[in-house]
Amino acid sequence: MFFPLFGYGYVGLTGAEVARRILDINGLNNVQVEETNGFLSDHYDPQKKVLRLSSDVYRGNSVAANGIAAHESGHALQDKDAFGMLKLRTAIVPTVQIGSWLGPIIFMIGLFMSSTLGTQVAVVGLVFFGLTAVFSLVTLPVEFDASRRAKAILATSGMIYNQEMDGVNKVLDAAALTYVAAAIQAITTVLYYAFLLFGRRRN
Ligand SMILES: [Zn+2]
């Protein structure tokens, strides 16, 4: 079969329309869908109950736009279901934000103090900074679950053609890989700091 618009949303829905439909079907009429500036700035805000989509996704009708809109809607569904990992991630965000900039500073101060106290100070910094790695690990099940929900909804909703599911899967699997890469990088960085501290102190 030949689809003249294969690769694009044949049904023609924009990301904003896909998100709106998914939210409404699930009784989330109270969640607003807004357009936001910035590339890859798509996110769901659990505090304000707002789903913000970048212009490309909000206005676009490609399988990528539909897939990302459905993924972000998946986060709203997690919020509705009180998905534990999302609650945990939301709860640790403020601490992680402080730890990610304060941790390295405390660590460096401890490192240059070169005494037992210095080691203790550096470990405190390391723990603060280590929260970023914890955050990146907690993010994985949250993101995987949102994509799983998006795929399940798009595959059965009639919002896109079955043939387009390949494209949706590719987009969402690629996004999942970037989160895995970010987690590996965060863990590697913490391990590097730990090695810097204990490797150096032992010599
Ligand atoms: Zn996500």
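This report describes a predicted model of a protein with a zinc ion, beginning with confidence and then turning to the sheet, the helices and the metal site.

## Confidence of the model

The structure is a predicted model. Its mean pLDDT is 90, and 93% of the residues score at least 70. Among the elements of the protein, strand 3 has the highest mean pLDDT, 97, while helix 6 (residues 165–202) has the lowest, 90. Over residues 1–9 the pLDDT is below 50. Beyond near neighbours in sequence, the stretch of residues 1–9 has 15 contacts in the model.

## The sheet

Three strands form an open sheet: there are 3 strands in the order 1-3-2, and the pairing is mixed. Strand 1 and strand 2 (43–45) are the edge strands, each of which pairs on one side only. On average, neighbouring strands of this sheet are turned by 25° against each other, direction ignored.

The two pairings can be described in turn. In general, strands of a sheet pair through backbone hydrogen bonds, in either a parallel or an antiparallel sense. Strand 1 and strand 3 are parallel, and 5 bridges connect them. One of the positions in this region is Q32, which stands opposite V50 in strand 3. Strand 2 and strand 3 run antiparallel and are joined by 3 bridges. Here H43 stands opposite R52 of strand 3, and Y44 has L51 of strand 3 as its bridge partner. The hairpin of strand 2 and strand 3 has 4 residues between the strands, and in this hairpin K49 takes a positive phi near 55°.

## Strand 3 and its surroundings

How many residues of strand 3 are buried? The strand is mostly covered, with 5 of its 5 residues buried. In a regular strand, side chains alternate between the two faces of the sheet. In strand 3 both faces are covered: V50, R52 and S54 are buried on one side, and L51 and L53 are buried on the other.

Helix 3 packs on the sheet, where it touches strand 2 and strand 3. The direction of helix 3 makes about 25° with that of strand 2. Within helix 3 lies S73, a buried residue with a relative accessible area of 0%. Leaving aside neighbours within four places in sequence, S73 is in contact with L51, and also with A19 and I22.

## The buried side of helix 1

Helix 1 covers residues 15–25, and its buried residues are G15, A16, V18, A19, I22 and L23. These residues lie on the same side of helix 1 because they cover an arc of only 165° around the axis. The buried residues of helix 1 pack against several elements, namely strand 1 (32–36), strand 3 (50–54), helix 2 (55–59), helix 3 (63–80) and helix 5 (116–157). After helix 1 comes G27, which has a positive phi near 75°.

G15, a residue of helix 1, has a relative accessibility of 0% and therefore counts as buried, the cut-off being under 20%. Not counting residues up to four places away in sequence, G15 touches L53, V57, Y58, G60, A65, N66 and A69. By contrast, the C-alpha atoms of G15 and Q97 are separated by 30 Å, and these two residues are 82 residues apart along the chain.

## The zinc site

Which residues are the protein donors of the zinc ion? They are H71 and H75, each through NE2, and E143 through OE, and they lie 2.0 to 2.1 Å from the ion. Along the chain, the donors follow the spacing H-x3-H-x67-E. Distant parts of the chain are linked by the pair of H75 in helix 3 and E143 in helix 5, which are 68 residues apart.

Are H75 and E143 buried or exposed? H75 has a relative accessible area of 4% and is therefore buried, the cut-off being under 20%. E143 also counts as buried, at 4% relative accessibility.

## Helix 3 in the overall picture

Several of the descriptions above involve helix 3. Helix 3 packs on the sheet, and the buried residues of helix 1 pack against it. Helix 3 also holds the zinc donor H75, as well as the buried residue S73.

Terms used
Residues are numbered from 1 along each chain as its sequence is written. This is a predicted model: local features need pLDDT of at least 70, side-chain atom pairs count only at pLDDT 80 or more; totals for chains, interfaces and linings use all residues. Side-chain values use heavy atoms; hydrogens and water are left out. Buried means under 20% relative accessible area, exposed over 50%, partly exposed in between (1.4 Å probe, protein chains only). Helices (H or I, at least four residues) and strands (E, at least two) are DSSP runs, numbered from the N terminus. The arc is that of the directions from the helix axis to the C-beta atoms. Contact means heavy atoms within 4.5 Å. Donors are N, O and S atoms within 2.8 Å of the metal (3.2 Å for Na, K and Ca); water is not among the atoms, so sites may look incomplete. Two strands pair if DSSP finds at least two bridges between them. Axes are lines fitted to C-alpha atoms, for helices over the stretch in contact, and angles run from 0 to 180 degrees between N-to-C directions. pLDDT is the predictor's confidence in each residue, from 0 to 100.
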